[in-house]
Amino acid sequence: MSGFDFDTPIDRRGTGCSKWSRYGDDVLPMWVADMDFAVAPPILDAIRARLEHPVLGYGVARDALRDAVVAMLAREYGWAVAPEAVCFLPGVEPGFNMALRAFLTPGEGVVVQTPAYKPMLAAPGHWGLRRVDAPLAVRGDDVICDMDALRAALAKSRALLFCNPHNPLGKVFSRTELEAIAAAALEAGAVIISDEIHCELLFDGRRHIPIASLSPPVAARTITLMSASKSYNIAGLKTAFAIIPDEAMRERFLASKAGMVDSVNVLGLEATLAALEHGAAWKAAVLAYLQANRDWLVETVRARLPGLSIHRPEGTFLAWLDGSALGIGEPQPWFLERAKVALSPGAEFGVPLGARLNFGCPRATLEAGVARLQAALAAR
């Protein structure tokens, strides 16, 4: 027993929750990357303690938080980073948009490995940049990066917008793969913008490797974006951080705020500190629960939902479903109408006929969602 209750469903309707307010009460939402679990008690305690102070003005990261991030990077990844390399932001999405604005000029290319989640796909277009897709291939339970295709894409680009662990495929890149990707980017003279927001949610004993930790030359060309938001389910507190070891790159990155990116949520800063210092037990428990959910989901989809393909994600709490063999067209609207289950549509990820399912929920919720999908398919 972990001492944490992830089994009991929590009613989130009527709380201003994006996940549970988009669709009607008859729809089971399994779309946005937001877990339906209560936050770790130390995080709630830290927020309550901060609220004892009656002023909630603009926030700034205290030295204790900066030191906690540096200590976490050293402890978890063996990555030694100077405190000044850590830049706090209101989110990872603002971070990669800032990086694109800072280091590229309109008309230049940005490589994105597809499928990719919607904000990442859309980001190059915000700044007049050309998106150059480098598709990942799913073969059985493996997700394959075609290095020849990636090098060809990088030859036409000035940046690699990278995602590890990958959203939506749940791919966790190995050291060998990361070394090849980093070498290709450096050879092309591309900046690496690495979204590593799910870096603490890896299964089967895997360990995350920040791409910038491979070597000083890679670090000097990389902006790494991380947050406690996904691992500790505090995305609504809008707090993240960039790690940029190179001083000149860091100054250029920070200058790109340009009045668009504001200060960080004062409660989010406190929550992040509590997560890093006191959240380890909760994180270990939720990771075990998610891995069990993943295993149940993969085996059940394969046994009970013929025609719908799924591979075993190596990280995140997101599963990619391939509905191309079902013959129903786009799976998301079909299942929304007939099963009353809301998935994320594959078209948003650049891959029609796919869909993303969030299994970061109580097992009973997951079982209910799959049962609805099964009943809809059986009734065709």
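**Strand pairing, helix packing and cysteines**

In this predicted model, strand 2 (residues 86-89) and strand 10 (residues 240-243) run antiparallel and are joined by four bridges. Within this pairing, C87 lies opposite A242 of strand 10. Strand 10 is also joined to strand 9 (residues 222-226), again in the antiparallel sense, by three bridges. A242 recurs here, as the bridge partner of L225. In a regular strand, side chains point alternately to the two faces of the sheet. For strand 10, A240 and A242 lie on one side, F241 and I243 lie on the other, and all of these residues are buried. Both faces of strand 10 are thus covered.

A further sheet is open and consists of four strands in the order 11-12-15-14, with antiparallel pairing. Its edges are formed by strand 11 (309-310) and strand 14 (344-345); each has a single partner strand, so one side of each lacks a neighbour in the sheet. The partner strand 12 spans residues 318-322 and pairs with strand 11 through two bridges, in the antiparallel sense. One residue pair in this region is I310 with L321, the latter being the bridge partner in strand 12.

Strand 5 (residues 136-139) contains V138. The relative accessible area of V138 is 40%, which means that V138 is partly exposed. Beyond its neighbours within four places in sequence, V138 is in contact with V143, L169 and H311. For L169, the separation from V138 is 31 residues in sequence, while the C-alpha to C-alpha distance is 8.6 Å.

Two helix pairs were examined. In one of them, the axes of helix 4 (residues 92-103) and helix 9 (residues 247-255) come within 8 Å and cross at roughly 105 degrees. The two helices, helix 4 and helix 9, are therefore roughly perpendicular. Helix 4 contributes G95, M98, A99, A102 and F103 to the contact, and helix 9 contributes M249, R252, F253 and L254. By residue class, the contact of helix 4 with helix 9 comprises seven nonpolar residues, one polar and one charged.

In the other pair, helix 12 (residues 331-338) packs on helix 13 (residues 363-378) at an angle of about 95 degrees, and their axes are 10 Å apart. Helix 12 and helix 13 are accordingly also described as roughly perpendicular to each other. On the helix 12 side the residues are W334, F335 and R338, which meet L373, A376 and L377 of helix 13. The contact of helix 12 with helix 13 is made up of five nonpolar residues and one charged residue, with no polar residue.

A search for disulfides over the whole structure returned zero. Two cysteines illustrate this result. For C145, the closest cysteine sulfur is that of C163, and the distance of 13 Å between the sulfurs is too far for a bond. C145 is buried, since its relative accessible area is 15%, under the 20% limit for that class. For C163, the closest cysteine sulfur belongs to C199, at 11 Å, which is likewise too far for a bond. C163 is buried as well, with a relative accessible area of 4%. The cut-off for a disulfide is a pair of cysteine sulfur atoms within 2.5 Å.

How values were computed: Residues are numbered from 1 along each chain as its sequence is written. This is a predicted model: local features need pLDDT of at least 70, side-chain atom pairs count only at pLDDT 80 or more; totals for chains, interfaces and linings use all residues. Side-chain values use heavy atoms; hydrogens and water are left out. Two strands pair if DSSP finds at least two bridges between them. Buried means under 20% relative accessible area, exposed over 50%, partly exposed in between (1.4 Å probe, protein chains only). Axes are lines fitted to C-alpha atoms, for helices over the stretch in contact, and angles run from 0 to 180 degrees between N-to-C directions. Angles under 35 degrees count as roughly parallel, over 145 as roughly antiparallel, 65 to 115 as roughly perpendicular and the rest as oblique. Contact means heavy atoms within 4.5 Å. Ala, Val, Leu, Ile, Met, Phe, Trp, Tyr, Cys and Pro count as nonpolar, Asp, Glu, Lys and Arg as charged, and the others, Gly among them, as polar.
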